[in-house]
Every structure is written in C-alpha cells, then in structure tokens.
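Work through the exercises below with the sequence and the coordinates open. Each task is followed by a solution in steps.

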Amino acid sequence: MTTGSQPAHLIIEQFGTVRRITINNPRKKNALNLQAYEDLAEQLNAADRDDRVAVVVLMGVGNFYSSGNDISAILNSNQSMEERLNSSNGKLYEMVKAFYSFSKLLIGVVNGPAIGIAATTVILCDVLYMVDTAYFYTPFSALGLCSEGCSSYTFPKLMGRSKASEMLLLNYRMSAQEALQFNVVAELYKQEEFESKLWPRILKYGELPVGSIKATKQLIKRFELDELERANKNEVETLATRWTTDEALHAVMNFMTRKSKM
C-alpha cells in the first residue's frame, strides 16, 4: 500500500510492518540528486521512529538499483561552487548517517547495477540480496574524487584490503557473483524471482520481534558506530576538497562528455 504524499524520486509503500522505499528516477537510471539525498535521509529516520515499521527495504525501479550521483544536476546548478559544496556536503553526511544509525532491520535489494554513492550506502544495510546480473561500481578515481558512503571503512572490512583498493582506487566493477564470493551480499536471485521467492521471505521478516532485532543489531554494531561516523566525516571533508581541484573538474567533464556519446 502506497503511503501519503510521495517524495519526488522515491516511492514509499507499507506492507504490514515492512516499509519499502523504492528509488524512482528511471529517466536517469535512478540517479540521486540533492533532494533525493534529503528525502532518503528523512524517510529512513521517520521509519526508525515509527512504531508501525519493523523492517525497511530499499530497491530501485525497473532493472537498475541506482546510477549514483546525478552529476549533471550538480554541474548545472545556479549556485556558486562554495554554495553547492556546503549544501551537498551537509545532505550527503546526513543521508549516509541515516543508513548506519538505523536501529531496525534494513534490507537492501540490489535489483540492478549500483554505482557510486548508491553502492556504498546500500552496503551499509544489514542484509543484501542481489540480482545475479547486477554489479557494484565505484568510479571515484575516474571522476577525480574520493571514497564516500563510509566505503573507506566498510570495503576493506568486508572484502579485504586488496579487493577494496581495486574497487576504490582502480574503478573495478564487481559482479554479483564476486559480491557473493566476498560476502558483500547474502544471496543472489534472478530478476523474475523477486515477487515469487524473495518478497514473501522479506514479508515474513516483518513478523520477527523488533525489539530482539534491535538488541542484537546494537550488539553487532557497538564496536563500529564510532568508526563509521569518523569515516563519514572524513570522507565528506575530503570530497569537498577534491571537488575544488582542477583534476576533479576536468575528470568529471570528461566523464560527462563520454557518457553523452554513449
């Protein structure tokens, strides 16, 4: 059941105690602009406070999870670079924090490619399911930027230093099969199996005692919340610096030029 008024690029639905948040910007392969950052943070925080919600599920419309940052929206802004950075840095920090501070069960359904900030944030979910044709791609160095979404902490912890460096430094594209091999995701499924197999399972998770989930999750994360907070702050500060460099601006413009010719 769809709930109330909907944010511009999100669909919010409630199924018993399960709330589904679907990224809905198909024209841009579910890219996230600054308003989507703000809306996503607000929706996660609201669900965490809502006693009617035990589980939140994140996914994308169609066959893409999300293509990451809507870079064209940043470049085409009428604001000065300083104004853009101040606005985007605050919203980026709050959105990422909403992921790792979420106290209930947070499930990511990677129903297609997850790129950049979409990849790094969905990996902050408690449990990940992934379509067998999807992939993770974090082209930060290709854009002249740096890691974000706490990936400087989570990627080495999950994958080991070498594979994490390959992704964060060398723009390596991780297939769904590798994501399973490196314990990034819990299980792979076929696109057509979502409604028949995966979704009924997720609805059953909503019947689990939410207090028990929260207690165990708190125990699991008690050693890493400070690390995630530190990573988030450091990445946002470094990203702000990178955006002001000629190296990054040239790399981003080259990336956009190549993309427009595809």
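**Exercise 1.** Classify Arg230 by its relative accessible area, then describe its salt bridge with Glu227.

Solution. Step 1: buried stands for under 20% relative accessible area, exposed for over 50%, and partly exposed for what lies in between, using a 1.4 Å probe and protein chains only. Step 2: Arg230 has a relative accessible area of 46% and is partly exposed. Glu227 is partly exposed too, at 34%. Step 3: a salt bridge requires a side-chain nitrogen of Lys or Arg within 4 Å of a carboxyl oxygen of Asp or Glu. For Arg230 and Glu227 the closest N and O atoms are 3.2 Å apart. Step 4: both residues belong to helix α10, three residues apart, or about one turn of the helix.

The model is predicted: local features need pLDDT of at least 70, side-chain atom pairs count only at pLDDT 80 or more, and totals for chains, interfaces and linings use all residues. Residues are numbered from 1 along each chain as its sequence is written, and side-chain values use heavy atoms, without hydrogens and water.

**Exercise 2.** Compare the span of α10 with the expected value, and find which side of the helix is buried.

Solution. Step 1: helices are DSSP runs of H or I with at least four residues, numbered from the N terminus. Helix α10 covers residues 225-243, which is 19 residues. Step 2: the expected span is 1.5 Å times one less than the number of residues. From first C-alpha to last, α10 reaches 27 Å, close to the 27 Å expected. Step 3: the buried residues of α10 are Leu228, Glu229, Ala231, Asn232, Glu235, Val236, Leu239, Ala240, Arg242 and Trp243. They cover an arc of only 160° around the axis (taken from the directions from the helix axis to the C-beta atoms), so they sit on the same side of α10. Step 4: Asp226 and Glu237 are exposed on the other side.

**Exercise 3.** Which parts of the chain does the salt bridge between Glu38 and Lys91 link?

Solution. Step 1: the closest N and O atoms of Glu38 and Lys91 are 3.3 Å apart. Step 2: Glu38 lies in helix α1 (residues 34-49) and Lys91 in helix α3 (residues 81-100), so the pair, 53 residues apart, links distant parts of the chain. Step 3: Glu38 is partly exposed at 28%, and Lys91 is partly exposed at 24%.

**Exercise 4.** Is Asp50 buried or exposed, and which network does it join?

Solution. Step 1: Asp50 is buried, with a relative accessible area of 14%. Step 2: its salt-bridge partner Arg52, at 2.7 Å from N to O, is exposed at 57%. Step 3: Arg19, Asp50 and Arg52 form a network of salt bridges.

Note on methods. Helices (H or I, at least four residues) and strands (E, at least two) are DSSP runs, numbered from the N terminus.
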